[in-house]
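User: I am in my first year and would like a close look at how side chains meet in this structure, above all where rings, charges and sulfur atoms come together. Could you take me through that slowly, in one connected answer?

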Amino acid sequence: MSDLAKLPLGSLQHEPDSGDVTKTGFGNFVVGSACHGRLSLSLELPVGGQLSRLHIDGSYTSYRVFIVDAQGNEQPQADGKGNVQFTSSDNPVDFSDAVVPTGGEIVIRLTGPGSGFQVEVTQLVLCLPDVNFCKLGTAQVQGALQFLPLDDILGVNGEDAVVSYGDDGDYIQDGVVVTGSCYQCTCMEDTLKCSETSDCEGVCPAHTTECVGPCGEAVLVTTFAAKGVHPHCKVDQSPCVPASCTTTPAECPGPWSPWSACQNCFQFRHRECHADCPEECSTRLLRDVQKCPECVPTTGTPGFCKDSEEWTCVNSYDECQQSCAVYMKESSCAGLLQEESCVEKCACKEGYLRDATGECVMKGQCECYEGVSGSTPIPQGFHVNVGNCVYCQCTAGGYTCKEREDCCEISNWSEWSDCSVQCGTGTQTRTRQKYGQGCGNDTQLKEEKACTNDGCPCVHRGQVFESNTVYEDNCKKCECKNGNFQCTVTKGEDEEYPNDECTRMCRCTSEGEEMCLTALPPSCKQNRESCDSMTHVQRPTNNSCCPDCVPVMKPCALSKDSIILSMVHTVHGNCRSQNQVEINSCSGTCGYSSVNSSELLYKDGRFELSTEASCKCCKATRGSQEQRFLCDDETVLNLDVDVITGCGCKGCDE
């Protein structure tokens with residue numbers, strides 16, 4: 001099998017590919033009853049070849065052989081007697097014209113008893129092209145590059161075609177160069193050799209990202225501008241929201257704010273729980289506290305604690321719990337619970353908290369802060385007017401703002417928001433605020449208006465087209481307008497043309513849909529692929545897939561050759577020419593022949609037609625050469641030999 005693996009062959013596959021078929025070796029199969037008396041074997045020839053002989057033993061009933069090209073077209077194969085169905089009594093079966101094109105495969109379809117049967121391919125004779133090639137398997141690419149490019153793509157060849165590697169990787173012939181984003185690989189004497197053309201690990205090729213998928217399930221897909229990309233450039237797919245989706249899911253809870261400045265050795269941060277978040281978000285930690293890293297603890301001296309303090313051993317969690325700032329901001333000290341070491345110092349007595357000045361005060365005397373992120377302490381009893389109808393004050397309950405009775409103040413309208421959708425019809429909103437309890441409930445605080453964004457993409461057969469993109473196929477030309485294609489049919493219903501694969505003739509319907517029903521004759525493919533360029537030339541016809549294959553028209557010319565002449569002389573015996581004697585010939589065309597009417601003459605009661613012929617033939621000009629002949633008795637004879645000295649086009653009657 002090691003020698004077989006070096007050949008340009010795929011593995012011998014079987015269908016059905018299930019536990020009902022047991023493969024006991026190359027070409028050996030045991031077929032179970034669940035297969036209902038059917039087994040199909042296939043062998044891919046990536047660089048083409050020819051099936052010469054097949055010998056299959058076993059308890060099967062019969063089999064047929066097919067050649068399938070890369071487009072899936074199959075052709076049954078016959079032996080030299082014209083038979084297309086074979087049994088074990090026909091072994092071995094010889095094929096004379098079973099040519100497999102590049103990328104094609106040999107398919108063997110066997111039938112047997114429904115209870116099960118055995119198959120043993122004992123001889124499979126193939127004629128493979130005498131070319132050196134490289135099979136692009138995973139191990140070969142890993143060995144040549146020391147890494148595996150993304151998406152099983154090695155790069156592109158000189159014709160800009162994508163070259164893949166892996167278990168079903170491509171084959172490339174010696175001398176073929178494959179270019180990746182930062183390297184080049186060449187097949188040299190059946191071995192893949194690669195070298196970097198730029199820094200593979202330092203630079204990634206340019207790329208674009210696109211949000212692909214339905215709302216709620218879409219992900220960002222990265223497309224690189226080059227093929228054959230180093231694996232370190234891989235971008236993991238992340239969730240995204242397509243432009244056509246009108247809403248963005250709220251983050252529950254929102255992100256943490258930055259840590260605040262230090263306040264009595266502590267820093268604060270907070271995050272919000274969006275109104276659209278589920279109820280369980282309310283159980284999450286929303287306000288957090290940490291010890292300032294640059295804060296140096298003080299110990300104090302026993303016997304010098306103030307009346308509101310006591311000498312005890314406290315850790316960071318204890319100090320956090322005794323902070324007015326933590327208490328008034330309703331923050332959590334849970335993040336400090338793990339700290340076990342403590343320091344003996346003056347701590348606040350029970351019922352007291354340490355304020356912004358470092359004094360231990362009753363809870364009701366703690367300073368206030370404007371919001372969770374506020375860092376400026378506001379003393380108890382502080383009162384300030386923040387508008388005509390709103391005032392704020394610091395009380396034991398915290399910093400609160402209230403609206404005055406019998407007062408009403410309305411702010412200006414905000415700017416219009418962006419359109420709620422990036423594609424199609426949505427809404428824009430603007431808002432304003434009211435302050436004071438004297439404002440009526442009918443005061444309008446929100447306005448909406450319709451808006452339209454025309455940048456909707458179009459989707460055709462799974463492919464996304466941006467707005468204003470033009471899409472064209474064999475039957476119609478379409479332009480993406482606001483999410484829909486506007487199409488114009490470009491071919492008439494009576495106009496017939498071949499499909500892109502050159503397998504069928506197609507027509508366009510009145511709606512611009514393509515229908516391909518009529519198969520092209522086999523001669524079309526034969527003339528395209530098998531026209532011998534040494535003796536024939538392809539001549540275009542009105543069907544691009546069906547050229548004519550016509551003989552090459554060579555002009556009349558002299559073809560030279562020579563031989564040694566010999567003869568038997570009646571006196572001197574066997575005689576041979578001492579030099580090569582020219583044996584030339586004339587061949588080729590002298591153009592087209594024609595016969596034209598010159599005139600009609602009345603004679604003897606009828607009109608006789610006079611014609612002029614234009615006809616030239618490739619004819620020889622003869623000459624004579626004297627040649628010396630040496631005979632067995634050593635006699636030398638000088639004899640004249642007629643030869644063709646030239647060729648030319650002359651009248652056919654000359």
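Analyst: In this predicted model, the charged end of arginine 109 sits over the ring of phenylalanine 66, at 4.6 Å from the ring's centre. A second arrangement of this kind involves lysine 329, whose charged end sits over the ring of tyrosine 369, 4.8 Å from its centre.

From a charge over a ring we can turn to rings that meet other rings. A pair of aromatic rings is described by the distance of the centres and the angle of the planes. Searching the whole structure gives five aromatic pairs. One of them is formed by tyrosine 63 and phenylalanine 86, whose ring centres are 5.5 Å apart and whose planes meet at 45 degrees, so the pair is tilted; an angle over 60 degrees would have counted as edge-to-face. Tyrosine 63 belongs to strand E6 (residues 62–68), while phenylalanine 86 is found in the loop between strand E7 (74–76) and strand E8 (93–100), so this pair ties together parts that are 23 residues apart in sequence. Both tyrosine 63 and phenylalanine 86 are buried. Ring pairs also link these two residues with others, for Tyr60, Tyr63, Phe86 and Phe95 are joined into a cluster.

Phenylalanine 147 and tyrosine 183 form another aromatic pair, and here the geometry is edge-to-face, with 6.0 Å from centre to centre and 70 degrees between the planes. Phenylalanine 147 lies in the loop between helix H2 (138–145) and strand E12 (153–156), and tyrosine 183 lies in strand E16 (residues 183–188), so the pair ties together parts that are 36 residues apart in sequence. Phenylalanine 147 and tyrosine 183 are both buried.

A further aromatic residue worth following is phenylalanine 224, which has its place in strand E19 (residues 219–224). Its relative accessible area is 15%, and because buried means under 20%, phenylalanine 224 counts as buried. If we leave aside its neighbours within four places in sequence, phenylalanine 224 is in contact with Leu150, Pro205, Ala206, His207, Val229 and Cys233. By contrast, the C-alpha atoms of phenylalanine 224 and threonine 400 are separated by 56 Å, the two residues being 176 residues apart along the chain.

The sulfur atoms come next, and the count of disulfides in the model comes to 22. In one of these disulfides, cysteine 305 is joined to cysteine 346, with 2.0 Å from S to S. The torsion about the S-S bond of cysteine 305 and cysteine 346 is about -90 degrees, so this disulfide is left-handed. Cysteine 305 lies in the loop between strand E21 (287–291) and strand E22 (309–314), whereas cysteine 346 is in strand E23 (residues 343–348), so the pair ties together parts that are 41 residues apart in sequence. How exposed or buried is each partner of this link? Cysteine 305, at 22% relative accessibility, counts as partly exposed, while cysteine 346, with a relative accessible area of 15%, is buried.

Strand E23 takes part in another link as well, since cysteine 348 lies in strand E23 and its partner, cysteine 360, lies in strand E25 (residues 360–362), so that this pair ties together parts that are 12 residues apart in sequence. The sulfur atoms of cysteine 348 and cysteine 360 are 1.9 Å apart, and with -85 degrees about the S-S bond their link is left-handed. Cysteine 348 counts as buried at 4% relative accessibility, and cysteine 360 is buried too, with a relative accessible area of 8%.

The disulfide of cysteine 531 and cysteine 549 has its sulfur atoms 2.1 Å apart, and with 85 degrees about the S-S bond this link is right-handed. Cysteine 531 is located in the loop between helix H5 (522–529) and strand E41 (536–539), and cysteine 549 in strand E42 (residues 548–551), so the pair ties together parts that are 18 residues apart in sequence. At 17% relative accessibility cysteine 531 counts as buried, whereas cysteine 549, with a relative accessible area of 26%, is partly exposed.

Two other cysteines can be placed on the same scale of accessibility: cysteine 35 is buried, with a relative accessible area of 7%, while cysteine 127 is partly exposed, with a relative accessible area of 43%.

Conventions:
Residues numbered from 1 in each chain as written. Predicted model: local features only at pLDDT ≥ 70, side-chain atom pairs only at ≥ 80, totals over all residues. Heavy atoms only, no water. Helix = DSSP H or I, 4+ residues; strand = E, 2+ residues; numbered from the N terminus. Buried < 20%, exposed > 50% of the residue type's maximum accessible area, 1.4 Å probe, protein only. Contact = heavy atoms within 4.5 Å. Phe/Tyr/Trp six-rings, centres within 6.5 Å; stacked < 30°, edge-to-face > 60°. Lys NZ or Arg CZ within 6 Å of the ring centre and 35° of its normal. Disulfide = S-S within 2.5 Å.
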